[in-house]
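Student: I have a structure open on my screen and would like to learn how to read its interior. Could we go through it together, one feature after another?

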Amino acid sequence: MAHSMPPENLNSHILAVLGLPLLDRLLQLEILFERCTVRQIQEIYPLIVHSIFGINGNVLGWGLRTTTMENAPHYFNRLQHFFGVNGVWMHVCHRLLSETTKFDIDINLLPRKFIGMLQAGPMFYADLINIDPLKHQVSTLSLNTFDFYIFHFVLYALQPLHTINPIAMQIHNERSKTIYQLLAAEYLDNFLPQFPDATIEPANFCGSVKAPQQIPAQSLQPQRQLRYLKLPSSYRNGNGQGGVVSNSGNTSPQSADGSGAGGRAYTWRSESVLYFFVDIWLRYDIESEHHLPSSDFVRGVRTLIKQIHFFANAARVDHSSMSTLRKASLTMAKARIYAFLCSLIDRWPLDSSLSVVLELWLSYIQPWRYTMATNNNRTMGIYYEPPISNSFDGFIIDNLIVYTHIFMQLLPRFERLDYSVYRNAYMLHRLAKTFAQHDLFDRLQRFERLHSGNAYGFDSPQRQVNMMNKSHNSSYNAQWNPLVSSNIPKLFSEPMHSQIQSFLYVISMARNSVLSDIRALRREISERQRSEGYMKNLFKKLFGESTQDELTLRELSRIPEVLRQCIDAFCRIFAVDAGSLSMHETLPVEPSPPASPSGQNFSFFNSDDCLDTSKLTPHQMSLNASNMQPTVDPALLPVQSNEIRPLIRLLHLISELINNNYGSRIEAFYARQDFFGKLSRQLLNGPMTEKWFENCDGNVDIYEKQLPARLSLRPLGSVSALFIMALALIFGYLWCGVAPVGLIILCLLFLTYYMLMAALS
């Protein structure tokens, strides 16, 4: 039961609570929500929302986009419990819905394209907008508590935190899963349910529909006459997701629903979530923004697209008031996705991080992967490749340029990728596998021939992008233009066939180059093992130690087969004669200018440390760029299959603690020239320069960090090391009756070995 708190104490108390550490803050807020009345919570509600998302204060807010299970597991779990669909915060949002109070948002603080869409007068926002009586323009949005929170939650993803915060930059580069991504997926799955009989949580709240705005919606007149998208009959009748009423995707589904207010009482939260996510995220102004969106934002958009597919694909079996919204959802996404993807691909860096954009596109063009049947088969734990049924022909026809033109846009970028990196080769494999599945390419070829690639009704893809990007035409209505230009490039045409042949030849050359690198690396490893001797190699194998060259060889060895599968798939898709592409290791490489005598140590500076401009040739600069490779501390490499993850983390923490406390002594021992120095150099990791690349503003910068001599206990976390220690314990128990004696003997053997190696070095 709520107990009233004096108003003069409330404001000072909430400011004090919001200044507490996160865990204490969450606990005190839970207590506060129990003590305060509904009216008192309404007074402090905007302050809490602004604090959560860093408005008018710390831009990080409560760290939803910088908290991961890896860097802060306790915070991660606590935030999930607090903000989940059945958490304390969501119940507070629904508790306040019993009142008609609304919270205003100044539209000047919103993204430019979203403001343009509001000025166009979309029907969904008619009861949310307030009109300035003097300027006759939209001035503010009035939102209830649920909409106010969800709206700020969606906007929070647009903040370029990866450009100002090191943790956010690390998450951007490593693609870790933050609590924000988990909450976004949870909200979408709950409010856009896959199954028609699913219950939207929280279910037990007092509140029916959004309270009507005080100013009539008729006072806002659209700046232009509404026009409607003419959908092909195959889409309306073929895949069961059509049937969108002629009042377009912006029309509130309940306006066409016979159940009236009763239907909207059930669907209005889903309606808000769908419109806010699509209208804000897919209107991200990539061209005008100084910074590229972060990779976690792109992954969030992919989660949205996948959930929309799940949501829309259930329209055929949903006969509730949610059915109309399901049918309209895919049309809403379709109106923005092509321009969004094109802009993203144009500006994204040409490296393995492109995979997040690729996966977003592949998720959109494969709606058959996101159905109830597919999900049920995956839940059973079997590998299931869903067939492309005829019900999806309408989707493929209406999104034809999303398949064909984006493929053609990506092809030159894939031609310039470095395929000595496995992640790049795997990206190409994902592309080839998607277009080679079942009879997708047959459908694309047939539909491209029938519809000439003009799925959206514009006379060119560029025209479609320009039209979609105009702020005054940013509603979901699009004019159907029956004219078709013959100049639109076709995916299945003679020029593209020649381009594909040239592309496959480049891939074949890259494969042969990787095979040559593998042979050279194997020779280097073999020579080094012979020089180290049998005993040292034996101990390395027993403890599962791997050098950087061995890890590189392991990764390179997977690439040739992946590239071969890609070449075979593209040859089948585009009817290219595989015999014209040599995949033998003896394929002649293109002649290159002779290497400089200094090879890897080439410098643009002369002996006087002055820049020699005569050396600044494009070829030499490209050679220098190709020689720049990231160098990672072996202790920070990803956990291998023969290692135990929790134990590796524990050993890393212990190593860091020892290095931090005794770092100077370790360096001094490593630098000694006597026997103890030699022994230290056998046991410790030597000094090195760590190098890595970071993406910022579309550019790739290289960073360096000097690492001193340090201790690494990571070899003890391998399965083979644990097996040897277990054998030693068993030996000690059977031989001496005391198990630890066997472990002590094992340590003495290894110490003797390293002392012998130190004496011989």
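Tutor: Let us begin with a term: a nonpolar core is a set of buried Ala, Val, Leu, Ile, Met, Phe, Trp, Tyr and Cys residues joined through side-chain atoms within 4.5 Å. Please keep in mind throughout that this is a predicted model.

Student: Which residues of the largest nonpolar core touch the most other members?

Tutor: In general, nonpolar side chains tend to be buried together in soluble globular proteins. Here the largest nonpolar core has 169 residues, and those touching the most other members are Phe 83, Trp 89, Leu 141, Tyr 149, Trp 281 and Trp 361. Helix α13, residues 323-347, supplies the largest share of this core, namely eleven residues. Apart from it lies another core, of nine residues, which includes Leu 679, Leu 746, Phe 750 and Met 757.

Student: What does Trp 281 touch, leaving aside residues up to four places away in sequence?

Tutor: Its partners include Val 154, Tyr 180, Phe 276, Phe 297, Leu 304 and Phe 340.

Student: Is Gly 663 buried or exposed?

Tutor: Buried means under 20% relative accessible area, and Gly 663 counts as buried because its relative accessibility is 15%. Gly 663 is found in helix α26, residues 645-671, and its C-alpha lies 8.0 Å from that of Ala 709, although the two are 46 residues apart in sequence.

Student: Where does pLDDT stay under 50?

Tutor: The predictor's confidence is given for each residue, from 0 to 100, and the chain averages a pLDDT of 79, with 75% of the residues scoring at least 70. Stretches where pLDDT stays under 50 include residues 453-465, for which the model has 46 contacts beyond four places in sequence, and residues 467-486, for which the model has 57 such contacts.

Conventions. Residues numbered from 1 in each chain as written. Predicted model: local features only at pLDDT ≥ 70, side-chain atom pairs only at ≥ 80, totals over all residues. Heavy atoms only, no water. Buried < 20%, exposed > 50% of the residue type's maximum accessible area, 1.4 Å probe, protein only. Helix = DSSP H or I, 4+ residues; strand = E, 2+ residues; numbered from the N terminus. Contact = heavy atoms within 4.5 Å.
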